[in-house]
Amino acid sequence: MDITPKISIIVPVYKVEQYLPRCIDSILAQTFTDFELLLIDDGSPDNSGKICDEYAKKDRRVRVFHKENGGVSSARNLGLDNSKGKWIVFGDADDWFTKYALEILINKSTEADTVLGNSFQFYSDKYTPVLCYNQGVFDNVISKVFHFALWGYLLSSATIKFHHIRFVAGLAFSEDKIFLLEYCLYCKKMVFINEIVYVYRINNNSACRNSNYYHKLTHQFMAANELIVLKKRSNLSDINNTVLINHCYFTLKHALIDYILHTNIIFPTEEVIKLYEKYLSEEIPINKFNVLYYRAFASAIFCHIKRITKKLICYK
């Protein structure tokens, strides 16, 4: 008999053999036990896939899927396609859950169709709370959402499936932000709680902390375009339209600031950002949603930044 679990936990797995056991152990040790764990081996070249299989042999709640490497978005999408639970929880294989995480989240699910718990950042043996907001129940969720990493959320599977919300394949940055913003368009209420449910390991080798700013800005332009596409194909209120445009703007602005502040040859100054206001406020043509287009655009911007910052340094 096919038993439907209350929660489906989806964990993409790629080159994490040193961290993976702690992640899986933290899930299997949960006080709330009515869940399935979907481990998506994204063609990992190390022993991660074998570790997943060993856990599946020991616990029937663990389901393993092996696939060719296609990136974290395709791995999460495969998990969504095969999930059976009423609720969806995402985790990263180098992080871990606190012991009462699922119990805390599910107990609040009667108050809203989305629950967000707090998390710790773990770096250099130090734990730091990620969010500092008051607890409460929020409506008009898309204008109130403030956390764009997937960890910490309990999401409605029915909402995801009914609106066929999926991650953008091939997108290396902000894929979780786009997914959550689209989800929040259809979310009626969200409850935020301060209890710690997740520990996020800051890993200097992860994609999000990669110093390839050229690659990063290319994908942030692609992400911004996806927000424009989402705005155009959704029947949104003026307020929600504005929210998405603002997120599009900040997605690009933060990528530029990150590059300027972390590249030694660039002189960090507000004048540089001001020169790019026009790029950040214009809508990106949908028919040019092409990796090569954005790669060329990012390259041209970086060359321009280097030229203008040299002039700014001379003027100073």
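**Warm-up.** The structure holds eight salt bridges, a salt bridge being a side-chain nitrogen of Lys or Arg within 4 Å of a carboxyl oxygen of Asp or Glu. Keep in mind that this is a predicted model, where local features need pLDDT of at least 70, side-chain atom pairs count only at pLDDT 80 or more, and totals for chains, interfaces and linings use all residues. Residues are numbered from 1 along each chain as its sequence is written, and side-chain values use heavy atoms, with hydrogens and water left out.

**Exercise 1.** Work out whether R61 and D59 are buried or exposed.

*Solution.*
- Start with the contact: R61 and D59 pair up in a salt bridge, 2.8 Å from N to O.
- Next, the cut-offs: buried is under 20% relative accessible area, exposed is over 50%, and partly exposed lies in between (1.4 Å probe, protein chains only).
- Result: both R61 and D59 are buried.

**Exercise 2.** Find which residues the shared salt bridges join into one network with R76.

*Solution.*
- Take E175 to begin with: its salt bridge to R76 has the closest N and O atoms 3.2 Å apart.
- This pair links distant parts of the chain, 99 residues apart, with E175 in helix α6 (residues 175-185) and R76 in helix α3. Helices here are DSSP runs (H or I, at least four residues), strands likewise (E, at least two), numbered from the N terminus.
- Now D92: its side chain meets that of R76 in a salt bridge at 3.4 Å, N to O.
- D92 sits in the loop between β4 (87-90) and β5 (96-97), 16 residues from R76 in helix α3 (residues 72-82).
- Check accessibility: R76 counts as buried because its relative accessibility is 5%. E175 is buried too, at 8%, while D92 is partly exposed at 21%.
- Result: R76, D92 and E175 form one network through salt bridges that share partners.
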